[in-house]
There are 2 protein chains.
Amino acid sequence: MPRVSLSELRDEFRRVLLGAGLAEERAELVARLFAENQRDGVASHGLNRFPGLVAGLRSGDLEPGANPTKVGGLGALEQWDGGMGVGPWNAHYGMGRAIELAREHGLGCVGLRNTNHWMRGGTYGLQAADAGCIGICWTNTIPLMPPWGSAEAKIGNNPLVIAVPGPDGPLLLDMAMSQYSNGKLEILRQQGKSLPIAGGFDREGNLTTDPAAILASRRALPIGYWKGSALAMMLDTVPALVSGGQTSHEIGRQGKERAVSQVFLAIDVTALRGETGLNATVAAFVADLHTAQPLSPDEPVRYPGEGMLQRRQESGRNGVWVDEKQWAALRAM
Amino acid sequence: MPRVSLSELRDEFRRVLLGAGLAEERAELVARLFAENQRDGVASHGLNRFPGLVAGLRSGDLEPGANPTKVGGLGALEQWDGGMGVGPWNAHYGMGRAIELAREHGLGCVGLRNTNHWMRGGTYGLQAADAGCIGICWTNTIPLMPPWGSAEAKIGNNPLVIAVPGPDGPLLLDMAMSQYSNGKLEILRQQGKSLPIAGGFDREGNLTTDPAAILASRRALPIGYWKGSALAMMLDTVPALVSGGQTSHEIGRQGKERAVSQVFLAIDVTALRGETGLNATVAAFVADLHTAQPLSPDEPVRYPGEGMLQRRQESGRNGVWVDEKQWAALRAM
């Protein structure tokens, strides 16, 4: 399997983004984020997703030059409009602004409307943690799964990100409200594999581990059944309210996912607690977790983001893994 | 089944709390909260839990006169110590302070350490929504379930509350990270019933719907398997970090659940958006959800908290339902 350097990968992304009409500064940032996602083992939002973003730029769905503009605010709480710009550029701006507000007020919150897919949500949690802040952010999406008690896909999977800075790297949660992403279902379907646990319902309403049956029924399972369904609804309404933007049902009416609503929250926990106190709490938490006896000796119990950090280190040692075909396609773009 | 008036129920709770050493103002508040939980259909944190709180006061586990004291802060972010006081009193204070901060800064965040079981978390979400704020709060708990990949109960079920004010009452999510609470498992075990879906593992590590097997193994299932396990870990560390308090593993070392850590976040969305804009977004969300075709005609698709609001209205019409034995026991206390 081919390996490339992080800078080589970033430079290729950057070249293509410049060609698709992004100005220098934003091509640089967006390329770096895509390359870092690939480095961290999140190829789904690295090489996999990159052609989609470029297509959005070429079709005019994304406004290449748009910047978020402030439309309202009260102290530590601000409302911004993303102007239908490039999702990762806007989201990075949103969390950056929340961090600035946290420096001034202890915490800051930014609602961002009329923005587009932020690619890997974890990116913006890591951004906060790198700044010594707890970062909490989420986005709504187009309707992707049924609310509990119905078979109609009416709610988004609304990924939630929570990041905590720690002495050996951040704890990072980055999870959608569906048990499996559509991307994961699609990959397993192509491989002819079953899911390890039920991931949705078939057309007859039976829980199933068959990814093809779930893709056909559009009945992905929310995490925790009625619980994830309810959580997804709250994660839809809160960013819409704070940003003054759309909820999932309004996004769905557009026919494709655009003009989503996001919320970014940063808490300056390092200023509040001091780095020593912060690190001691996180280190003790991790040390205790690591005493848990694993069910399988090959699968140690891990904190959220631990596998990602290991993958990042491995990429640093051996280069960033790329799918050969995707890498060739990027170079040919 | 007996019905009592809300005021009658509150007065009984109040009488017992005064007898157990609570001063007038806090007996009044805690009695009101317990009575409202029962009215809202949350008997698990009404009559069910009340004797436990009184026992805590009598045993000295709870400091009846303690008030939260501010130990640190930065603008809209504050750190408070609960002084091992009465959980609902402290938590109500914590969200109240977060709302005050939100009035001043747009949003406010309070970390509260060395506090005790807050009973029904939804109480504090409703408190924020009644003040026109989005309320987000959660608590850590004693270890109650295994992290994903282990059979050792090392993580809390860490209930999460999100409330949004709306024109016909709030949207309210109040959910623990385990698929079923221990209380629910215990009730079904006593009734000899199975769970509708798998709620944990038996001692052999098989997923099971047998509540007795799950209580015996102490292997409750996190919502969404690995996802709820990871979310629970983040919900443990964040309040501990913001408050400077204990994480679940430290709480567990005490042998019983006390001195937990909580976080309260209020966002003054009414001031930001205006009541008209807020109500329009929530009403459109609810209207769309209600167009979802239910799988069963008897079970309409509901927004989070909708069933609770219906129960509240029904209690208003017919009186508050009480279990006959529990009501007699309260009157005899």
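What follows is a walk through a predicted model with two chains, A and B, from the way the chains meet down to a few single residues.

Let's start with how the two copies relate. Chain B can be laid on chain A by a turn of 180 degrees and a shift of 0.0 Å along the axis, and the fit has an RMSD of 0.0 Å. The two copies are thus related as by a two-fold rotation axis. The contact surface fits this picture, with 100% of the contact residues of chain B turning up again in chain A. As for the axis itself, the residue of chain B that comes closest is B:Gly224, with its C-alpha at 2.4 Å.

Now for the contact itself. On the chain B side, 65 residues are in contact with 65 residues of chain A. The top contributor on that side of chain B is helix α8 (residues 226-243), which gives 11 residues. Sorted by class, the side of chain B that touches chain A has 38 nonpolar residues, along with 19 polar and eight charged ones.

Moving inside a single chain, the domain assignment splits chain A into three pieces. Domain 1 takes in 3-62 + 317-332, domain 2 covers 69-177 + 224-273, and domain 3 spans 179-221. Going by C-alpha atoms, the centres of domain 1 and domain 3 of chain A are 29 Å apart.

Chain A also has an open sheet of seven strands, with mixed pairing and the order β2-β3-β4-β10-β5-β6-β7. The strands at its edges are β2 (69-74) and β7 (171-175) of chain A; each has a single partner strand, so one side of each is left without a neighbour in the sheet. From one strand to the next, the twist averages 10 degrees. As a bit of background, strands of a sheet pair through backbone hydrogen bonds, and they can do so parallel or antiparallel. In chain A, β2 and β3 (residues 77-81) take the antiparallel option, with five bridges joining them. One of the partnerships here is between A:Leu74 and A:Leu77, the latter in β3(A).

Helix α8 (residues 226-243) of chain A lies across several of these strands, namely β3, β4 (107-115), β5 (134-139), β6 (160-164) and β10 (260-267) of chain A. Relative to β10(A), helix α8 of chain A runs at about 85 degrees.

Over in chain B, strands β2 (residues 69-74) and β3 (residues 77-81) are antiparallel and joined by five bridges, and B:Leu74 stands opposite B:Leu77 of β3(B). These two strands of chain B form a hairpin with two residues between them. One residue in the turn, B:Gly75, has a positive phi of about 60 degrees.

A positive phi also shows up at residues that are not glycines. One is A:Ala259, where phi is about 55 degrees. A:Ala259 sits in the loop between α9 (248-253) and β10 of chain A. Is this residue buried, exposed or partly exposed? With 16 other C-beta atoms within 10 Å, A:Ala259 is partly exposed. Another is B:Asn158, with a positive phi of about 40 degrees. B:Asn158 belongs to the loop between β5 (134-139) and β6 (160-164) of chain B. Here the count is 28 other C-beta atoms within 10 Å, so B:Asn158 is buried.

How values were computed:
Residues numbered from 1 in each chain as written. Chains lettered and ligands numbered in written order. Predicted model: local features only at pLDDT ≥ 70, side-chain atom pairs only at ≥ 80, totals over all residues. Contact = placed C-beta atoms within 7 Å. Helix = DSSP H or I, 4+ residues; strand = E, 2+ residues; numbered from the N terminus. Nonpolar A, V, L, I, M, F, W, Y, C, P; charged D, E, K, R; others polar. Least-squares fit on C-alpha atoms with pLDDT ≥ 70 in both. Pairing = 2+ DSSP bridges. Axes fitted to C-alpha atoms, helices over the stretch in contact; angles between N-to-C directions. Buried ≥ 20, exposed ≤ 12 C-beta atoms within 10 Å, placed from the backbone. Domains from an automatic or database assignment.
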